[in-house]
Structure formats: C-alpha cells, structure tokens
Amino acid sequence: MNDEDETSLFAQEVAGIKPLKKSEVYLGKKGPQVDFLVRQKAALIAKEADRNHLSQDYVEKVEPNDVLEYKRSGVQDGVFKRLRQGKYGIDARLDLHRHTVAQAREQVYQFVDDCMRNDIRVAIVVHGKGDRTPDPDSQAMIKSHINKWLRELDAVMAFHSAQRHHGGLGAVYVLFKKTEKVRLDDWEKHQKR
C-alpha cells in the first residue's frame, strides 16, 4: 500500500465525522473533592518513613563467633581501647532477640536517633550470636546487618563486640558522636580547671 492509498482510505473513514459544537472542554475529574490536608499528612508520614536509609540488600556475612569492631578516623586509640574493654558506663540498651531483619532495621535506626536526642554517649546493642539457627546460610543475619548498619550511621563513631559479662559476641558496645550540648558541657567543665 502506498501513501496515496493510505490517505484515501483515511479520508473515507473520517468522511462522516462532524466537528464538536463546544469550544471549551472540561478536564476536571468528577467525584469527591480532594482533602489536601490528608494528602499532606500522608506525605509527611511517608517522608518520615523514608528517613531510615539503612540498607536491607546485600550484607557481608559474619560468623556467629566473629568479633565486630569499627572505629572512624578521629577516634583516639585510648578511647577505642576503653570502649573495647567495656570501661565506659552504658547509658542505653537495645535488645534485638527474636526480631526479624526488617524489625531490627527499624529498631536500630530509632534507637540511634533516640540516643542522639538524649545525649547518650555509650550504648549496647544485644543482637545475639545467631548460632542457633539450623540453616547455616541464615546464621548470624542480625549480627551481620548490625555490622553493616552501624557503619552507615553518621552518629556512630565506633563499636566493638562486648565483654562476656555484657553479652560477649552476641552484643556490641556503641560509641556515639558528641552532641553540641555535650560538647559545650565538656568545654565548660575543662574551662573551670
């Protein structure tokens, strides 16, 4: 079929069509009026849920008896050693036993946020060793994710597996960044000397 045949075929098909008499077209939707306050609240809730940037995808697996340790640059060796030895007072505790990975993700994010808002400097996260799971491929999943998530959080300066009396390889001590309030309090304390 050539172009002329197509044009004549199209002309035959549209021959009986009459133009619309209205010059205006209403494109609005029919139905109930939209409540923008409800939409705004829903958007704020969704935005709040999206704040949790902790990833759930690939995680480098650790073994149940592996020691977890991490230190950001700027953390003094003496401070890290005291953390590792459990010599700091523990101001907060999070227990993740019997949690799914998704539940643990939410709990860890909220816990770190709460610690920062309450000027907590050292906390402990009890994740369990994960060695009681019968499937070897799914052992220490929470522990593996904790190892990843704590590194992703800017507020975490260092962490290390706990001493035996605090949970051993099934828990980690977490050292948080100093808040401005704590930093100012420390500065004032040292000025009085």
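The second largest pocket has a volume of about 270 Å³, and I begin with it. Please keep in mind throughout that this is a predicted model. The lining of this second largest pocket consists of G74, V75, Q76, V79, Y88, R121, V122, M157, L175, K177, K178 and R183. By class, that lining divides into six nonpolar, two polar and four charged residues.

Let me set beside it the largest pocket, for which the volume is about 350 Å³. Sixteen is the number of residues that line the largest pocket, and H97, H127, G128, K129 and G130 are the ones nearest its centre. Here the division is four nonpolar, seven polar and five charged.

One of those central residues, K129, leads to the next topic, the salt bridges. K129 pairs with D131 in a salt bridge, with the closest N and O atoms 3.8 Å apart. How accessible are the two partners? K129 has 28% relative accessibility and therefore counts as partly exposed. D131 has 37% relative accessibility, so D131 is likewise classed as partly exposed.

In general terms, side chains of opposite charge can pair when their charged atoms come close. For this model the count comes to seven salt bridges, and I shall present two further examples.

The first example is within helix α4. D113 forms a salt bridge with R117, and the closest N and O atoms are 3.4 Å apart. Both residues lie in helix α4, four residues apart, which is about one turn of the helix. Are these residues buried or exposed? D113 has a relative accessible area of 24%; because buried requires under 20% and exposed over 50%, D113 is partly exposed. R117, with a relative accessible area of 53%, is over the 50% limit and is therefore exposed.

The second example concerns K181 and D119, whose side chains meet in a salt bridge at 3.9 Å, N to O. This pair links distant parts of the chain: K181 belongs to helix α6, residues 180-191, while D119 is in the loop between α4 and β3, and 62 residues separate them.

D119 deserves a further remark on its backbone. Although D119 is not a glycine, its phi is positive, at about 55°. The loop that holds D119 runs between α4 (101-117) and β3 (122-126). Why does D119 count as partly exposed? Its relative accessibility is 27%, which lies between the 20% limit for buried and the 50% limit for exposed, so D119 is placed in the intermediate class.

A second residue shares this backbone feature. A140 has a positive phi of about 60°, and A140 is not a glycine either. A140 is found in the loop between β3 and α5 (141-152). A140 has a relative accessible area of 2%; because this is under 20%, A140 is buried.

I turn last to the surface. Which residues form a nonpolar patch there? They are F10, V14 and I17, and together they have about 310 Å² of accessible area. V14 is located in the loop between α1 (3-13) and α2 (36-50). With 32% relative accessibility, V14 falls between the two limits of 20% and 50% and so counts as partly exposed.

To close, I return to the pockets: the largest has a volume of about 350 Å³, and the second largest has about 270 Å³.

Terms used: Residues numbered from 1 in each chain as written. Predicted model: local features only at pLDDT ≥ 70, side-chain atom pairs only at ≥ 80, totals over all residues. Heavy atoms only, no water. Patch = residues over 30% accessible without salt bridge, like charges linked within 9 Å, V, L, I, M, F, W, Y side chains within 5 Å. Areas by Shrake-Rupley, 256 points an atom, 1.4 Å probe, with all protein chains shown as cover. Salt bridge = Lys/Arg side-chain N within 4 Å of Asp/Glu carboxyl O. Helix = DSSP H or I, 4+ residues; strand = E, 2+ residues; numbered from the N terminus. Buried < 20%, exposed > 50% of the residue type's maximum accessible area, 1.4 Å probe, protein only. 1 Å grid on protein atoms, 1.4 Å probe; cavity = no way out; pocket = protein on both sides within 12 Å on 5 of 7 lines; lining within 4 Å. Points joined across faces, edges and corners; volume = space filled by probe spheres on them. Nonpolar A, V, L, I, M, F, W, Y, C, P; charged D, E, K, R; others polar.
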